[in-house]
Amino acid sequence: MLLGKITIFLKYIFCLVWLVIAGYPFIFVFNTSLKERREFFTTSVWSSPESWQFQNYIEAVKAGFLRYFLNTGFVTFSAVILIVIIAAMASYVITRIEFKYSNLVFLIFVAGMMIPIHSTLIPVYRVTRTIGLYNTLTGLIGPYVAFGLPISVFILTGFMRDIPPQMEEAAIIDGASKFQIFTKIIFPLSRPAIFTVAIYNLVIFWNEFVYALILISSPGKWNITLGLWNFQGRYGTNIPMVMTGVIISAVPVIILYLFFQDQVIRGMTAGALKE
Amino acid sequence: MAKVEFNNVTKIFDNPEGEVVAVDNANLHVRDKEFLVLVGPSGCGKTTSLRMIAGLEDITDGTIEIGNTVVNDIPPKDRDIAMVFQNYALYPHMDVFGNMAFGLKLRKFPKMEIEKRVQNAAEMLGIRNLLDRKPKQLSGGQRQRVALGRAIVREPKVFLMDEPLSNLDAKLRVQMRTELSKLHDELQTTAVYVTHDQTEAMTMGDRIVVLRDGVIQQVDDPLSLYNEPNNMFVAGFIGSPAMNFLDVRLVKEEGVYYFLDESLERGMTFRIAIPDRVLEMVPNIDEYLGEDVVFGIRPEDLVDSALAQEFDITEDNSFQADVEVVEPMGSEIYLYLKFGENDLIARVEADSDAKVGDRVKLGIDYNKMHMFDAVTEESVF
């Protein structure tokens, strides 16, 4: 009895410590973003702002952050939608349609996970230039999709393998074509895994930096990370301003995660637990 | 409504370990409106046969006809069949109405017609109040009904059912068994039903097909199958508890044929005479004279001699065995007996006072005994 209570108490302590470790940096960044530059240097870094002022946010927007936001949103959502469609179709074919080289196709997809991104920078840069997509937002989508596919196919095939084949056979007898089986049965049933894939890739593309750096040159096409990088250069000594940029770029992803965390966790653990 | 015909159908699976013959040269005729049950132990080819009718498995050799059309190359959706799966295979993301209407929607039926058919089927199955539920909100029995409903709304030529009751608990299974039979009477549609449960087969089938290792052993109505099995496999598979088999020798003494077991210890004998009227039906009986044969008797045809009324117990129709276990079932008693090296089961009347350790005398009903060829296992009578 007593032992049980102690265990629970220790668990709470552990959770609390973890919360502080994970949450404090975010609170620190937010706190600092509300301070003026002068205030940041004159008061303790731990102190709360003298008055809650959102001047930094207004300035950040004026400095073009809205533009970066839209650019990032366009590239990220386009890439995520394409990945979901392509990865789901590929996974369906790999897991559900028998053909000689299905294992090989799967292996080729998954092998993509082992390619370090930096080894592709120069080839991707040259290809993008050659096909005339250098310094365009569309030019970013291709490499993003290519790099998102391996893990997405890996997650989705794992999930789809667990969908009982009888479900598909019932649909065959009901008169569904292969494409209808995919759109009406397999795709809706894979929802948890699709959410996982979508959120996972979304976070990565939202924070993507290296490809954006080498494929985009004009400031009007910068994404958030490039904007932030530039911010850091321009406001090298204006720490609260940089922190404001960090908050602005992080908030959308955090909100999305809060909304869909159940789905993401279900997708991650799919197959591990029997429903 | 249609008949289904198997003409020399063979199915071979190409496994990495080699070829497996799942169905071997099967010839079968399912009559129009018939309820035909395929029964056999796991791996006997019954589900494969069903899946070949459905079009979910290719046919390696031979032809299958539905109606009078060879369907070998016709895709499942154009065969006009409906199938009920063992695990129901309901679509979890659709409600009951959606599940039942799915096939009709894909076939572009008018909305009114879909609504009418689904409502009718739901009414028939008593699930009208569940139409807006999702499968996971239903009990096993309700899911089973939805799966049936999905098949019924299509109004197919042939119903295919793959062990549809095996996931239900014992009580519900018995209930659904009668409901399925009633439903078949009402719909008058040809049905092919797969089960490994011989009770289901006996109670539901107009005719039963017994399969073993991909080979059809016998096709007959339930009672003929029970009373006149073709071979030892059918005799042992149909009926519960299973038929008793004894290895004996056929001998002739002073003009009378006997089943004789010579391997017994002193004090125990097995010497059962074969009456003339049985012998009349087996003109070639002398071929077996002096040979090893198998004697078969069903548990209920062994009678506790203390209670025998229907016939006289004599030295020629009885033997003694030791009681090892007594299982009172209420209306009757199962006696598990040891007889020499053999284990036997007798189903005797409830007033038998046989106890564990007793040596009881058992009478054999002459009219009910069977003889099988020891080598081919085929029935002689």
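Trainee: How many salt bridges does the rule find across the interface of chain A and chain B?
Mentor: This is a predicted model. A salt bridge here needs a side-chain nitrogen of Lys or Arg within 4 Å of a carboxyl oxygen of Asp or Glu. Across the interface of chain A and chain B, the count by that rule is two.

Trainee: Which residue of chain A meets the side chain of B:Arg154 in a salt bridge?
Mentor: The N to O distance is 3.6 Å. The cut-off is 4 Å, so the pair qualifies. The partner of B:Arg154 is A:Asp174.

Trainee: How many residue pairs are in polar contact across the interface of chain A and chain B?
Mentor: Both residues of a pair must be at pLDDT 80 or more. With that condition, the interface of chain A and chain B has eight pairs.

Trainee: Which helix supplies the largest share of the side of chain A that touches chain B?
Mentor: Helix H7 (165–174) and helix H8 (178–189) of chain A each supply at least two residues of that side. The largest share is eight residues. Those eight come from H7(A).

Trainee: What area do chain A and chain B bury between them?
Mentor: The contact takes 16 residues from chain A and 22 residues from chain B. Carbon and sulfur atoms carry 68% of the buried area. The area is about 1,600 Å².

Trainee: Which three residues supply 41% of the area that chain A buries against chain B?
Mentor: No other three residues of chain A supply more. One of the three, A:Asp174, also forms the salt bridge with B:Arg154. The three are A:Glu169, A:Ile173 and A:Asp174.

Trainee: Now chain B itself. What percentage of its residues is buried?
Mentor: Chain B has nine helices and 20 strands. Its C-alpha atoms fill a box of roughly 80 × 45 × 40 Å along the principal axes. Buried means under 20% relative accessible area. Of the 381 residues in chain B, the buried part is 52%.

Trainee: Which strands stand at the edges of the six-strand open sheet in chain B?
Mentor: The order is E6-E7-E8-E3-E9-E10, with mixed pairing. An edge strand has a single partner strand, so one side of it is left without a neighbour in the sheet. The edges are E6 (81–84) and E10 (215–220) of chain B.

Trainee: In that sheet, which residue of E9(B) is the bridge partner of B:Leu36?
Mentor: Strand E3 (residues 35–39) and strand E9 (residues 207–212) of chain B pair in the parallel sense over four bridges. The bridge partner of B:Leu36 in E9(B) is B:Arg207.

Trainee: Next, the open sheet of five strands in chain B. By how many degrees are its neighbouring strands turned against each other on average?
Mentor: The order is E15-E19-E16-E17-E18, with antiparallel pairing. E15 (302–304) and E18 of chain B stand at its edges. With direction ignored, the average turn between neighbouring strands is 50°.

Trainee: Why is strand E17 of chain B largely enclosed by the rest of the structure?
Mentor: E17(B) joins E16(B) over six bridges. It joins E18(B) over eight bridges. The strand covers residues 332–339 of chain B, and it is largely enclosed because the number of its eight residues that are buried is six.

Trainee: Which glycine takes a positive phi near 60° in the hairpin of E17(B) and E18(B)?
Mentor: In the hairpin of E16(B) and E17(B), B:Gly330 takes a positive phi near 100°. The hairpin of E17(B) and E18(B) has two residues between the strands. Its glycine with the phi near 60° is B:Gly340.

Trainee: Is B:Glu254 buried or exposed?
Mentor: B:Glu254 lies in the loop between E11 and strand E12 (256–261) of chain B. Its phi is positive, about 50°, although it is not a glycine. Most residues other than glycine have a negative phi. The relative accessibility of B:Glu254 is 81%, and the cut-off is over 50%, so B:Glu254 is exposed.

Trainee: Which strand of chain B holds B:Asn25?
Mentor: B:Asn25 also has a positive phi of about 50° without being a glycine. B:Asn25 is partly exposed, at 43% relative accessible area. Its strand is E2 (residues 18–30) of chain B.

Trainee: What is the omega of the peptide bond from B:Ser240 to B:Pro241?
Mentor: B:Pro241 sits in the loop between helix H8 (232–237) and strand E11 (244–253) of chain B. Most peptide bonds are trans. The bond from B:Ser240 to B:Pro241 is cis, with omega near -5°.

Conventions: Residues are numbered from 1 along each chain as its sequence is written. Chains are lettered from A and ligands numbered from 1 in the order in which they are written. This is a predicted model: local features need pLDDT of at least 70, side-chain atom pairs count only at pLDDT 80 or more; totals for chains, interfaces and linings use all residues. Side-chain values use heavy atoms; hydrogens and water are left out. Two strands pair if DSSP finds at least two bridges between them. Buried means under 20% relative accessible area, exposed over 50%, partly exposed in between (1.4 Å probe, protein chains only). Contact means heavy atoms within 4.5 Å. Buried area is the accessible area (1.4 Å probe) that two parts lose on being put together, summed over both. A polar contact is a pair of N or O atoms within 3.5 Å; within protein, one must be able to donate a hydrogen and the other to accept it, and residues adjacent in sequence count only if both atoms are side-chain atoms. Axes are lines fitted to C-alpha atoms, for helices over the stretch in contact, and angles run from 0 to 180 degrees between N-to-C directions.
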